[in-house]
Each structure stands twice: as C-alpha cells, then as structure tokens.
There are 2 protein chains.
Amino acid sequence: MSAEPGARSDLLAGLLPTAGPDDSPIDALLVTDLINVEYLTGFTGTNGACLVSAGRRVFLTDFRYAERATAIEGWETEVISGQWLEGLAGRLEGRVGFEDDHVTVRTAGLMREAAGNAELVAAGGNVERLRRVKDEQEIGRIAAAAAMTDELYGLLIERGLAGRTEAAVDGWLTGWMREQGAEPSFPLIVASGPNGASPHAEPGPREIGRGELVTVDMGVRLDGYCSDCTRTFATGSESELDDLSRELYETTLKANEAGLAAVRAGASGSAVDEVARAVIRDAGYGENFGHGLGHGVGLEIHEAPRLGPSSEDELLTGEVVTVEPGIYVPGETGVRIEDLVVVGPDGVDRNLSTVTKSLLFV
Amino acid sequence: MSAEPGARSDLLAGLLPTAGPDDSPIDALLVTDLINVEYLTGFTGTNGACLVSAGRRVFLTDFRYAERATAIEGWETEVISGQWLEGLAGRLEGRVGFEDDHVTVRTAGLMREAAGNAELVAAGGNVERLRRVKDEQEIGRIAAAAAMTDELYGLLIERGLAGRTEAAVDGWLTGWMREQGAEPSFPLIVASGPNGASPHAEPGPREIGRGELVTVDMGVRLDGYCSDCTRTFATGSESELDDLSRELYETTLKANEAGLAAVRAGASGSAVDEVARAVIRDAGYGENFGHGLGHGVGLEIHEAPRLGPSSEDELLTGEVVTVEPGIYVPGETGVRIEDLVVVGPDGVDRNLSTVTKSLLFV
C-alpha cells in the first residue's frame, strides 16, 4: 500500500465542516460505496466501509477480510461480526454524513433504526469530488492501462480485421486482456460497416468485409484504474474505400484535434465540447454527433467531469478525460476517434493514447 | 418478443393488493431496476422503467430507445423527453410502490419532489419474488447457457491445463465466450494448486503444474440468462496426484451428490445445505467449507433462493439453483463441484450440468 490513501483521508477530513446538506458541518462521514472505499484505502474486497471524523479514520470490514485489512496503512481497522448494517450503525455518533447517492432507501432505513442517537444526513459526492483530480500515482496507473491498450491496438493492426467476425475480434481482444491479468474496462465495441453508425453497437456475428470502416472502442482496468481509447480503421486497400467514409474520418479527426486543443484547466466542459462540435456541424453533420465529447476516467470508466453541451463542470489540472467526437450516419457507417488526456494548466499535459490517428488500412 | 413478458406483468398486477409495506395495497408499482424491467418487458437498454397498475402497463424510456420500445408487446410505451426523473414522477398517481431496495435515497427524494400528490411507498422485492420460479422459456435459455458452458468444458478437457498460466487459461475461455456472442456471467475462476484453497481466487500468473488440482468455475450469460458450473480437474498422470487431493475430491463429490438428492420443492434451503455439509463435516472438513451450498440463477448469476445454513427460503418447483459444496485447505489445495439444476416436485427435475464429475486428468 502506498501513502496516498492516508493523504486522501486527510483531504476528506478537511471537508467535514461543509460536507453536509447545504454545506452544513458534519461530525463524521460514512463512506460505503466500494469504489470510494478503494480510493481512500486501496481495499478491493466486496465488503468494507470507511468512517472519517476529525480525529479518527476507521476502516470497517467483516471476518473474511480481517487479515487483508491489517495491511491498510493510515487507518484503524475494525472487524464487524454479526449483522453488518447494525454493526456499522452502532459505531456512529453525532451528525454523520452518508452517501445518499449510493445508499438505497431500504439500507438507509435499516441504518437509521440501528443508529441510536446518531443523526444520518445526506452527504454524497464528497469522495467523487476528490477523485476528479488524479495524483501522480493515479496518473501512472491510468497511463499503464493506456499503454497496455495501445499494445493491443498494435497487435490488432498487425493481425488485420477483414474476414473475421466482430465477435471473433472481440473474443481475441478480450481474451488477450484477461491473459495479461487485466480486464476490459467496459464491454468492447467492434462495429463494422453499417454497424458503425450505432455509437454503442455490440459486437456480433457480422463478418468484417473489405472497403469498410471498423470502429474499435476498448480499454482495460489494470491495478484498479481504467483506460479508454477508440480508433476507426479501414479495411481492404485504399481504392476500396468510398468518399463518404473518408470525409467522415477527416472531419472527425479535425474535431478530435480541435477538442484536444481546447482542453485546459479552467475551460468549461461545455466550451470544449462546443469547439469540437462546431467542426462537425460546419461540415454538415451536426445531427450525426448525438453524444457528449468526453468524460473523466479513473477507478471508473465514466466519472466526473463531463464534456458535453449541458455540462456544468470546469476542467481542473490533473483530471484525466476522454476527447471522443463521432459521426454516425444511419444505414451507412460511422467514425469515432478518442484520446485519453491529462488536463494541464495551459492545455493537454499529456496524451495517454499513442496509437496513430492517420487512417490505417488493416 | 414472446408472450411471456405480458403474462409476467399480469402476475405483477395481481400482487398490487398486497405489494405495499406490511402487505398493504398500492395503486401502482413503479419498477426501475433494469434487470426487473428486462424480466417484465424483454427490454435490454440502459434506461427504462415499468409502471403497472390494475388497468394499465406502461413502459417508459428515453428518445434513444423510442424505436426499440415499440417492439415490446403487451405494453403501452411512452417516451420521456427532458428530465428523466421528473418525467417519471409526473406520471404517478395515487399510492405508488417503488423499489426501495434498489432506489437510492437521493433519487427517491428527487422523485418525491416531482411526484405532486402521488404517494411513494416502499415496495421492493415483488418482481424478484416472481423471478424465483422460471417458466419454460426461461429454463430453455438457462439450459442453452449451460450447454454452451459444457461445450467449453469439453474444449478445455481436450486442450489440457498443465503448462499454461491461470490467466492464459482464463483469457482463452473468456475469449471463446465472447467469440460465441455470449459473455462471462461472472469473472471466471481458474485456481490451481494452493490457489484452489481460496473459494474466490482470481486467475493469476501462476503456471499450472503437474500433479495438481485445478478448480474452474465459469458460466456464460446468453440471451439474458446465466449459467454457472464448477469442476475441479487433476493435472499430470494418476500417479502424480497426492492422497489428500483424492480424498478431498471424493468427499466433495459425495457432498454434491447428497445435496442433489435432497433438492426438491418444499425442502428448505438450510436443510439441503445441511445434508451436503454433514458429508463434509463427517469426513473431518467441516471447518473447510466456509460458504453456502448454492443460490438461484436466472437473469442474475446470484438471485433467490439461497441454499445455506442461515437460509429461510423454501425451494419451489421451477426454481433453478446451484449445488456447489467445496473443501478448502489453506496452503494445500481445494475442490469445488457445482451443478446447476431445476427443482422439481419430487427431486431434481433436470441437472443442466452434463460435464462428467469423475476426476479427470487433463
């Protein structure tokens, strides 16, 4: 375990004076979402919680993880025997914030029954806000996940696409990830020909032909952290690809590059989206780009901030976000090009996606 | 779409007089859990809800699924534009049950704000109770998923295990599933030698040797429905395997067979567990079987009922459950043998797991 989890809990404790509803103070914060628990402690089991107050940081788990819990630095550990929720609630005192955006109505009711005089108040989102900005260790892990994804793209380019089914390509890619000890950070997309017109196509039995576009959207989760990268490839020889496909590709690439150029700390998620969207709109495909430009990536494949027309987020130095414009023409084909980048004070600090964006015929 | 989803919503409507808190009546049930929505309608998108009252069944979704929604038989469909939760809540009237075991505190608060005079009351678990007993179509789908898993076991047995890493075997198995258009119903377990002593071991870089036991626990999700099957294999030649491994295998197999013989409608989940557990306890390994005997399988890999020492469920005809005793000896090795069976009135109606349980050297 590194020292970072302890530092993160210090940051969290610093929020207690304003972490309650309407920025009211709370005495302690109970963190039960397992991704948030992993962020604070490094713990990756299926049952654990954190209780953070000004003076104490307690990690709670059950007997199955008693041994693993002792390895968590910077936290007192307590093992709850018997009923989990009663054990948790029985340890609460004063005004305690809980993650109202993760805890179900039923679970909250059971905790309140068992909480005695402690008052449970809504305080979700505090850990997620901390998670937006990544520290060096986190960026290193995301970069490692991105590097593994890029290596796999290299193998894909070598091996080629035409003549195999989408599902066969997916199986090969997913299997390779598992073989490396990683897992897909989401179900892969391998969308060929007309299937590329659907942003969230599922790989199917369609055999990939020649003279087609194929959109591959994939990432791994490695050491807890996710990567995300999309490339659209052509198949066959250059003479086999139609003009529409080339035009869509060139426009999407320009939008990707414009979006990347607009990323910087202080820029709003809606403004960055608009820069890329304008390129696509000006080319006459405004109606064919039906999703937001990007999203944060970290322990989860989709997390804050959001880059999109209705985003109210402002980018911060150290955030890791995707820039992924696309154009989808129903019945014809589609293109998406996605990079994963670290936000810097004056622009992209580092583009973690190193696979070429020149149109490759594979 | 088959007729079943309509029939299921009729069953659900029949529950309204007692579906509220303390078996009180409600005017309508709002179903938002996506697995429950899939059960009722066959819909598999990322946003949808069902509103069931005595006279109406309404399926709600957003513009992305407007076209797909029209294919759902037996339901009126409404497309919500604008804010999803406000659109949902604005359609509620009277005393409406919601899934308090799935809906977060925050979401429930937002819905209540937008619900006007409608009263939202806790009514979770109603669809899950319907889901326990599978109809013929569901059993057919689970059987198809089990058959695909068994086919993969056949390939695994042909190809052998020794000399490959656990992760490589996992990658090959997972990739094959994806290639068939299925997905793993849970992250596979390939636990070799001493790793087999952990019931939930993750496949790792360990190279599988000769004269070892290897526990493989896998299943696919196909057409919505899950399968689940565990076999423990030996590697090398018969003379290379130690006596402890043989003893654990034979005892676990006896426990599996005893558990299967005890499965029937009307038996309690705790009684069936005890029959299998007694075999392991009598052999001196009672402390080495630290999990329950089994669980229901359907749209989810773990669902009701539960077979275990503290289960309060009673088995019903048409339930599909696992029977999976195991013995885990820390530092040494482990065995688990799991079948997936359909509960019948007088015993197992059908064992969906057809892979041999004779100890194979592969």
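**Note on the chain A–chain B interface and one helix pair**

1. Chain A and chain B bury about 1700 Å² between them, with 55% of that on carbon and sulfur atoms; buried area is the accessible area (1.4 Å probe) that two parts lose on being put together, summed over both. On the chain A side, A:Val105, A:Arg106 and A:Arg178 lose the most area to chain B, together 35% of what that side buries.

2. This is a predicted model, in which local features need pLDDT of at least 70 and side-chain atom pairs count only at pLDDT 80 or more, while totals for chains, interfaces and linings use all residues. Residues are numbered from 1 along each chain as its sequence is written, and side-chain values use heavy atoms, with hydrogens and water left out.

3. In contact across the interface (heavy atoms within 4.5 Å) are 21 residues of chain A and 21 residues of chain B. Six salt bridges are counted between the two chains, each being a side-chain nitrogen of Lys or Arg within 4 Å of a carboxyl oxygen of Asp or Glu. A:Arg178 forms a salt bridge with B:Asp170, where the closest N and O atoms are 2.7 Å apart.

4. Within chain A, helix α7 (residues 136–159) packs against helix α8 (residues 166–179) at an angle of about 140°, their axes lying 11 Å apart; helices are DSSP runs (H or I, at least four residues) numbered from the N terminus, and axes are lines fitted to C-alpha atoms over the stretch in contact, with angles running from 0 to 180 degrees between N-to-C directions.

5. Residues of α7(A), including A:Leu152 and A:Leu155, meet residues of α8(A), among them A:Trp172 and A:Trp176.

Terms used: Chains are lettered from A and ligands numbered from 1 in the order in which they are written. Helices (H or I, at least four residues) and strands (E, at least two) are DSSP runs, numbered from the N terminus.
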